[in-house]
Amino acid sequence: MCDHAAGSHVVSPGGDRISDSSLGGFVENIEFALVVIDASGNITFVNKSAERMFGYARSDMVGHTLDLIIPPRLRGAHNAGIARVGSGTPSKLTGKTVEVAALRRDGSEFPIELSLSVWHGPDGVSMGGMIRDISDRRQRDMRLHRLAHQDTLTGLPNRFQFDTRLEEALAAGEQTAVLLIDLDGFKKVNDTLGHATGDTLLQALAVRLPAALEANAMVARLGSDEFAVLLRGTGSPSAGEAAANSLLQSFEKPFEIGDHLIKLGVSIGGAVAPSDGGDAEELLASADLALYRARQQGNSYRMFEPDMRNAVAARRALQDELLRAIGAGEFVLHYQPQVCLESGKVLGAEALLRWNHPSRGLLSPADFLAVLESHSGALTVGGWILDEACRQSAEWRARGLAPISMAVNLFAVQVNAGNLAETVLTTLARHGLPADALELEVTETIALDHEERTLAPFRKLGEAGVGLAFDDFGTGHAALSTIKRFPLTLLKIDRSFIRDMLSQPQDAAIVRAVLGMARDMGLAVVAEGIETRAQEAALYAMGCRVGQGYLYSRALPAADFEHLMKRPAKAARKAAAAKI
């Protein structure tokens with residue numbers, strides 16, 4: 001190392017003098033700071049990099065103790081170590097690199113990386129440190145840490161940090177509550193207003209959600225529109241309910257994003273430890289079950305209850321049974337007639353799914369459809385329904401029966417698959433049916449999706465002549481703009497309006513309005529759920545010409561439906577009514 005007092009020479013650790021030209025220039029200009037001290041801790045040499053790093057001139061450092069560049073809180077430990085080495089005790093740090101804090105002339109601390117050497121020179125024990133400023137590296141490490149633990153868009157803790165804190169709380173035996181938050185309507189914001197607006201909305205949520213909670217609550221973003229809350233030190237359902245209720249209230253005010261006022265709904269599911277789960281996985285699973293129930297209600301919260309787990313177990317068992325049923329071919333179609341109100345003539349049929357369960361008998365859709373719609377086999381079943389309905393329709397025509405329209409309900413997964421138009425047209429061609437022999441019924445879930453990728457296949461099918469019906473019109477959130485934008489050919493008035501139209505003037509007014517709107521827009525109408533002659537007569541007087549319901553027939557197996565079609569219209573009506 002360097003002996004500043006040697007003037008024009010540099011002294012090596014072995015005591016040999018080396019000329020300035022061979023080593024001195026190197027020592028003075030390397031990027032590392034070099035600081036040499038004697039056994040008493042006095043600085044005997046610094047290079048130019050040390051001057052720049054610590055902010056002192058060389059003359060202000062040489063001759064002073066090392067305390068000059070050591071933070072006060074660390075000086076005791078440093079001086080004790082120097083004294084031990086100065087007395088001849090070997091240093092355990094020799095040859096190692098350590099990270100410590102150093103002090104600049106302006107009083108600011110910064111992290112350094114220090115590599116220590118000890119040698120015996122002409123003046124006794126000397127110690128030298130090769131020092132690197134690692135402030136940039138520490139900042140990079142901090143940035144990486146933030147990236148690993150924080151959501152980059154919102155600045156909230158991410159899933160990793162949430163899981164880590166939850167594990168810590170449970171390991172410490174703390175009573176803990178978790179809330180899972182799912183936004184209702186966020187996808188529509190992204191689809192209609194763009195992802196930039198959606199991102200800004202998420203950032204606004206990152207401000208509003210914590211503001212609705214106590215200071216000790218941790219809000220994290222787990223995914224796209226999924227957030228979570230960790231409440232440490234509280235394991236009572238009432239505390240979770242209070243937090244969930246506060247969050248719900250925070251959504252009552254719309255979000256102002258640019259020129260848009262955006263109203264979002266929210267579903268919240270909560271669970272508390274240890275009663276609802278002894279470990280993180282079980283606790284989050286319980287909260288997820290509660291969230292599932294909250295989603296079913298819409299814009300609400302639910303705290304976990306033990307019977308939810310039983311319901312989920314039953315749902316999973318049903319999913320397994322459905323998978324087996326698909327492979328075993330246990331599904332069948334029944335057909336409900338759509339008739340002319342004036343003559344009773346069968347004009348069409350709606351294909352309705354039934355499950356011929358090996359032990360429970362024939363099951364109606366109410367027993368399994370909600371699970372099937374979200375099942376991995378929904379696309380397979382939907383394709384089978386379409387094919388079987390078309391096959392049956394073609395068979396009836398081949399037997400000389402009057403051509404009728406076949407109505408088939410679609411699953412959302414069939415639309416999202418991306419090949420709906422091709423599948424439908426190929427199926428019609430395979431069975432030799434004209435396009436107008438088929439009518440596809442869509443729900444609001446499908447009709448409310450205004451994305452071009454969803455509308456395009458329906459436009460193609462409509463142009464080919466396939467009928468497109470809006471099922472259960474008037475029962476949900478579909479606006480009149482949906483009717484205008486979606487290429488519909490038929491509206492089906494929901495049975496709930498037909499049931500009470502004779503006793504409830506409001507229902508009668510809705511039915512009358514739908515009929516008038518459909519007439520003006522050139523749309524056909526089918527009234528569902530007709531059960532009495534009085535309902536039939538009232539509908540006919542309002543201008544409705546086609547109906548469906550138990551007055552005419554329940555859904556029938558294919559063979560029974562065929563017999564119904566073969567009877568004269570008036571006789572068919574009388575025979576069907578006798579079965580009710």
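**Charges, salt bridges and backbone details in a predicted model**

With a relative accessibility of 36%, E282 falls in the partly exposed class. The model is a predicted one, and E282 sits in helix α10, which covers residues 280-297. E282 also belongs to a negative surface patch, together with E167, D279 and E281. Patch members need over 30% relative accessible area and no salt bridge, so E282, at 36%, clears the area cut-off.

Stepping back to the whole chain, there are 580 residues, and 46% of them count as buried. The secondary structure splits into 23 helices and 23 strands. Taking contacts between residues at least 6 apart in sequence, 60% turn out to join residues at least 24 apart. As for the surface, the chain exposes about 27900 Å², with carbon and sulfur atoms supplying 53% of that area.

Helix α10 also serves as a handy landmark for two backbone details. On one side of the helix is the loop between β13 (265-273) and α10, and P274 is found there. The peptide bond leading from A273 into P274 is cis, with omega near 10°. On the other side, N299 lies in the loop between α10 and β14 (301-303). N299 is not a glycine, yet its phi is positive, near 50°. Both details go against the usual pattern, because most residues other than glycine have a negative phi and most peptide bonds are trans. As for solvent, N299 counts as partly exposed, at 45% relative accessibility.

Now for the salt bridges. A search of the whole structure turns up 27 of them. One pairs R324 with E330, and here the closest N and O atoms are 2.4 Å apart. How does each partner fare for burial? R324 has a relative accessible area of 35%, so it is partly exposed. E330, at 11%, counts as buried, since the cut-off for that class is under 20%.

A second bridge brings together the side chains of E528 and K492, at 3.2 Å from N to O. This pair ties together distant parts of the chain, with the partners 36 residues apart: E528 is in the loop between β22 (524-527) and α21 (533-542), while K492 is in strand β21 (residues 490-493). Both E528 and K492 are buried.

Moving on to helix α21, another bridge is found inside the helix itself. R533 and E536 both lie in α21, 3 residues apart, or about one turn of the helix. Their side chains meet at 3.4 Å, N to O. R533 is partly exposed, with a relative accessible area of 37%, whereas E536 is buried at 8%.

Salt bridges also link up into a network, which takes in E388, R391, E395, R399, E562 and K566.

Some uncharged positions and a histidine fill in more of the picture. F497 is found in helix α19, residues 495-499. At 10% relative accessibility, F497 counts as buried. The C-alpha atoms of F497 and G529 are separated by 8.9 Å, with their positions 32 residues apart along the chain.

L369 belongs to helix α12 (residues 369-373). Its relative accessible area is 25%, so L369 is partly exposed. Between L369 and W355, 14 residues apart along the chain, the C-alpha separation is 9.9 Å.

Last comes H334, placed in strand β15, which spans residues 331-340. With a relative accessible area of 10%, H334 is buried. Which residues does H334 touch, leaving aside its neighbours within four places in sequence? The contacts are E350, A351, L352, R354, L362, A555, L556 and P557. Strand β15 therefore holds a residue that, at 10%, falls under the 20% cut-off for burial.

How values were computed
Residues numbered from 1 in each chain as written. Predicted model: local features only at pLDDT ≥ 70, side-chain atom pairs only at ≥ 80, totals over all residues. Heavy atoms only, no water. Patch = residues over 30% accessible without salt bridge, like charges linked within 9 Å, V, L, I, M, F, W, Y side chains within 5 Å. Areas by Shrake-Rupley, 256 points an atom, 1.4 Å probe, with all protein chains shown as cover. Salt bridge = Lys/Arg side-chain N within 4 Å of Asp/Glu carboxyl O. Lys, Arg positive; Asp, Glu negative; His and termini not counted. Charge placed at Lys NZ, Arg CZ, Asp CG, Glu CD. Helix = DSSP H or I, 4+ residues; strand = E, 2+ residues; numbered from the N terminus. Buried < 20%, exposed > 50% of the residue type's maximum accessible area, 1.4 Å probe, protein only. Contact = heavy atoms within 4.5 Å.
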